[in-house]
Amino acid sequence: MKLKKIILIVLSLVTFATSCTSISQDDIYTSVTTSETSVTTYSTSESSVEVVTTQEDIISKAQEVLDSMSLEDKIYQMFIVTPETFNDGEQVLQLTDSIKDNLESQPVGGMVYFSDNVQSETQIAQLLSDSQQCMQDSNHVGLFMCIDEEGGYVARLSSKLDSTTKLNSMKYYGNNANKEEAYSIGSTLANDLIKYGFNVDFAPVSDVDLSTSNNALHELNRCFSDDPNIVALMVENVVKGLQDNGVSATLKHFPGLGSSSGDTHNGSVLLTRTKEEFETQDFIPIKAGIDAGADFVMVGHIIVDGLSDGLPSDLSNSIVTGWLKDELNYQGIVITDSHSMEAITDNYSSGEASVMAIQSGVDIVLMPQDLNESFNAVLNAVNSGEISENRIDESVIKILTQKDELGLLYY
């Protein structure tokens with residue numbers, strides 16, 4: 001369990017029992033967490049309730065929720081999708097009745113939002129609040145509300161809202177190699193995100209900038225540096241800045257994309273690289289982020305020649321379980337990069353990819369191309385014995401424990 005000290009002041013992210021369904025700036029959520037105790041205060045203009053929670057309470061509560069869930073509900077927790085998944089692929093700006101019905105019948109673990117979902121401050125806050133309320137009412141397990149908000153080029157929220165902070169590229173800050181500045185990046189991102197209801201940021205980029213021909217990273221200045229120790233310094237402190245302020249951080253893209261010259265958005269990418277090169281370069285920032293307590297690690301689709309079983313990394317047991325979970329001792333939530341990328345869709349069906357990811361040790365599949373197909377494939381794999389229900393439980397207990405830390409278990 002991560003050690004956190006969090007003080008949050010948030011616009012009405014979730015609607016509590018005594019509140020109405022519209023957003024009010026008078027409603028405040030404050031949480032302070034130490035290594036042993038969490039004190040959470042829910043305040044509205046009319047009332048204030050203080051809840052004291054120990055670390056043991058969090059674990060036992062998550063287990064209690066897990067024990068009450070059907071197999072189907074547990075499997076749904078292992079997917080994060082876009083809201084368009086529930087709207088026939090059409091842009092979503094508000095929670096309509098049909099989207100709500102679909103979400104209630106397919107209670108996924110989380111939603112990821114892009115710039116197209118952001119129109120105004122009130123609109124995006126209401127969309128996320130309504131979605132959380134829907135899950136609170138229907139199955140009492142809230143959603144991971146996710147976004148790619150790295151700063152610089154990748155800024156889904158700040159590119160649309162003037163009220164958010166416009167950060168420079170991560171390369172700009174890496175040149176300064178200042179840990180206080182790195183912490184400020186994380187805290188600034190968290191404070192911008194949390195007031196609209198986001199609780200997971202797919203950041204920071206932990207890749208080392210090792211290839212000048214990498215158009216997905218180098219050309220966009222998304223990496224902090226070509227020096228792994230500088231990247232480690234920055235990643236460690238961005239993680240702390242995010243999570244000290246209530247937003248889960250995500251290290252990406254394990255085992256490291258910085259030395260590649262291809263882009264898995266557009267197809268398979270084969271990387272010829274030795275294990276020693278990964279250990280002496282790519283793993284240094286990953287280890288720093290893990291030691292800082294990163295809640296999530298995102299595994300990319302890169303195929304590592306001779307080392308990833310001939311598979312994209314997120315489908316490889318050697319990479320996910322062997323390297324990340326066993327060698328680096330990562331015990332948090334392992335999430336894939338988007339399964340809508342062509343590195344996956346060109347080579348695997350949605351169901352095949354989801355089953356393989358879970359077999360590799362992944363906890364959450366991000367953006368399967370077809371949620372129904374993926375869900376049914378995993379369900380059939382469990383019913384046939386190809387995947388054990390204990391394997392599903394291993395992932396879901398981690399998901400529920402993290403949700404309880406974020407105040408998302410409404411029991």
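Me: Before we get to Lys 252, when do two strands count as paired here?

Reply: This is a predicted model, by the way. Two strands pair if DSSP finds bridges between them, and the cut-off is at least two.

Me: OK, so which residue in β12 is the bridge partner of Lys 252?

Reply: Start with the strands: β10 and β12 (residues 296–299) pair in the parallel sense over four bridges. Leu 251 stands opposite Val 297 in β12. For Lys 252, the bridge partner in β12 is Met 298.

Me: And on to β14: which residue there is the bridge partner of Val 297?

Reply: β12 also pairs with β14, again parallel and over four bridges. Within β14, Val 297 has as its bridge partner Val 334.

Me: Which strands stand at the edges of the sheet, and why is one side of each left without a neighbour?

Reply: The sheet is open, with three strands in the order β10-β12-β14 and parallel pairing. Each edge strand has a single partner strand, so one of its sides has no neighbour in the sheet. Those edge strands are β10 (250–254) and β14 (333–336).

Me: How many degrees does the twist average from one strand to the next?

Reply: Take the strands in their sheet order, β10-β12-β14. From one strand to the next, the twist averages 25 degrees.

Me: Are the side chains of β12 buried or exposed?

Reply: Phe 296 and Met 298 point one way from β12, while Val 297 and Val 299 point the other way. Whichever way they point, all four are buried.

Technical notes: Residues are numbered from 1 along each chain as its sequence is written. This is a predicted model: local features need pLDDT of at least 70, side-chain atom pairs count only at pLDDT 80 or more; totals for chains, interfaces and linings use all residues. Side-chain values use heavy atoms; hydrogens and water are left out. Helices (H or I, at least four residues) and strands (E, at least two) are DSSP runs, numbered from the N terminus. Axes are lines fitted to C-alpha atoms, for helices over the stretch in contact, and angles run from 0 to 180 degrees between N-to-C directions. Buried means under 20% relative accessible area, exposed over 50%, partly exposed in between (1.4 Å probe, protein chains only).
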